[in-house]
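Take a look at the chain below. Turn it around slowly before reading on.

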Amino acid sequence: MIGIDGSIRAARVFHVLWHGERIAHDVAVRQAAICDNAKAGRFFTLQASQESIHATVFHAATAMLAPRARMMLTNAVTALDTYRRHLAHDLERGHLVSTIIGLQIVLEGLGALTLAHINLALSRYGARFAPYKRLLEQQEDTHHAFGCRWLAHEDTASIPRMAADARRYFELAVRRDR
Ligand SMILES: [Fe+2]
Ligand SMILES: [Fe+2]
């Protein structure tokens, strides 16, 4: 069982994940709107509904572990807000591939890594969240794999542009000065 400090730390992680899930939901909704491929559009719509459920799970987890905590404005949340603005910038310009790099490749990849490192055995609520964790991991893997397949089918001429976008998003994702 974890103590008060441990609960607050875990709540902070869940709060960051909640924030990331809301970004993923909003971006997937907009990807569906700008995508001209019906099958991909259905994928983005399904992803958006799954991200919405993920957000609900992490919100509940945050509230359960730190019921009296007010909004937790951590550095990670601030960094995610910057990340969201870059995604919004690409969405406004209809740069679907850039947003797939930013969301499905980078953000989903980081989210999956974070999920994989959460040790539910440390929490007294761990057993309750275990089935959700497995489901979320499966769905995040599917989202990430979709992005990888999408990039694999892109024209090789667009590789320099994709590399630049990937670097930009990776730089934002790993910034530690915030
Ligand atoms: Fe998610
Ligand atoms: Fe996802």
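This report goes from the overall fold to single helices, then to the cores and a few chosen residues.

## The fold

The model is predicted. The chain has 6 helices and 0 strands. Read along the sequence, the pattern is α-α-α-α-α-α. The chain holds 178 residues, and 30% of them are buried. Now consider contacts between residues with a separation of 6 or more. Of these, 77% join residues 24 or more positions apart.

## Two helices by their numbers

The table sets out the length of H2 and H3.

| Helix | Residues | Span, first to last C-alpha | Expected span at 1.5 Å a residue |
|---|---|---|---|
| H2 | 28 residues | 41 Å | 40 Å |
| H3 | 18 residues | 26 Å | 26 Å |

For H2, the span is close to the expected value. The span of H3 is also close to what is expected.

H2 has a list of buried residues that includes Phe43, Phe44, His54, Phe58 and Leu65. Polar and charged names appear there as well, among them Gln47, Gln50 and Glu51.

## One face of H3

Which residues of H3 are buried? They are Leu80, Tyr83, Leu87, Asp90 and Leu91. Seen down the axis of H3, these buried residues fall within an arc of 95°, so they line one face of the helix. The spacing fits a general rule. An α-helix has 3.6 residues a turn, so residues three or four places apart point the same way.

The face of H3 turned away from the buried side carries exposed residues. These are Asn75, Thr82, Arg85 and Glu92. After H3 comes Gly94, whose phi is positive, near 70°.

## H3 meets H4

H3 covers residues 75-92, and H4 covers residues 96-117. Their axes come within 8 Å and cross at roughly 145°. From H3, the residues in the contact are Tyr83, His86, Leu87, Asp90 and Leu91. They meet Ser98, Thr99, Gly102, Leu103 and Leu107 in H4. By class, this contact has 5 nonpolar, 4 polar and 1 charged residues.

Leu87 deserves a second look. Leaving aside neighbours within four places in sequence, Leu87 is in contact with Val27, Thr99, Gly102 and Leu103.

## The nonpolar cores

How many residues are in the largest nonpolar core? It has 17 residues. Those with the most contacts inside this core are Ala24, Val27, Leu87, Ile101, Leu103, Val106 and Leu107. Helices H1 (4-34), H2 (38-65), H3 and H4 each give two or more residues to this core. H4 gives the most, with 6 residues. Apart from this core lies another, of 10 residues. Val16, Trp18, Phe58 and Ala61 are among them.

## Gly111 and Leu135

Two more residues can be compared by their surroundings. Gly111 is found in helix H4. Is Gly111 buried or exposed? Gly111 is buried, because 24 other C-beta atoms lie within 10 Å. Setting aside neighbours within four places in sequence, Gly111 is in contact with Leu17, Gly20 and Glu140. The C-alpha atoms of Gly111 and His144 are separated by 9.9 Å, although the two are 33 residues apart along the chain.

Leu135 is found in helix H5, residues 126-152. Leu135 has 14 other C-beta atoms within 10 Å, so this residue is partly exposed. From C-alpha to C-alpha, Leu135 and His54 are 9.5 Å apart in space. In sequence, they are 81 residues apart. His54 is one of the buried residues of H2.

Notes. Residues numbered from 1 in each chain as written. Chains lettered and ligands numbered in written order. Predicted model: local features only at pLDDT ≥ 70, side-chain atom pairs only at ≥ 80, totals over all residues. Axes fitted to C-alpha atoms, helices over the stretch in contact; angles between N-to-C directions. Helix = DSSP H or I, 4+ residues; strand = E, 2+ residues; numbered from the N terminus. Contact = placed C-beta atoms within 7 Å. Core = buried A, V, L, I, M, F, W, Y, C linked by C-beta atoms within 7 Å. Buried ≥ 20, exposed ≤ 12 C-beta atoms within 10 Å, placed from the backbone. Expected span 1.5 Å × (residues − 1). Arc of directions from axis to C-beta.
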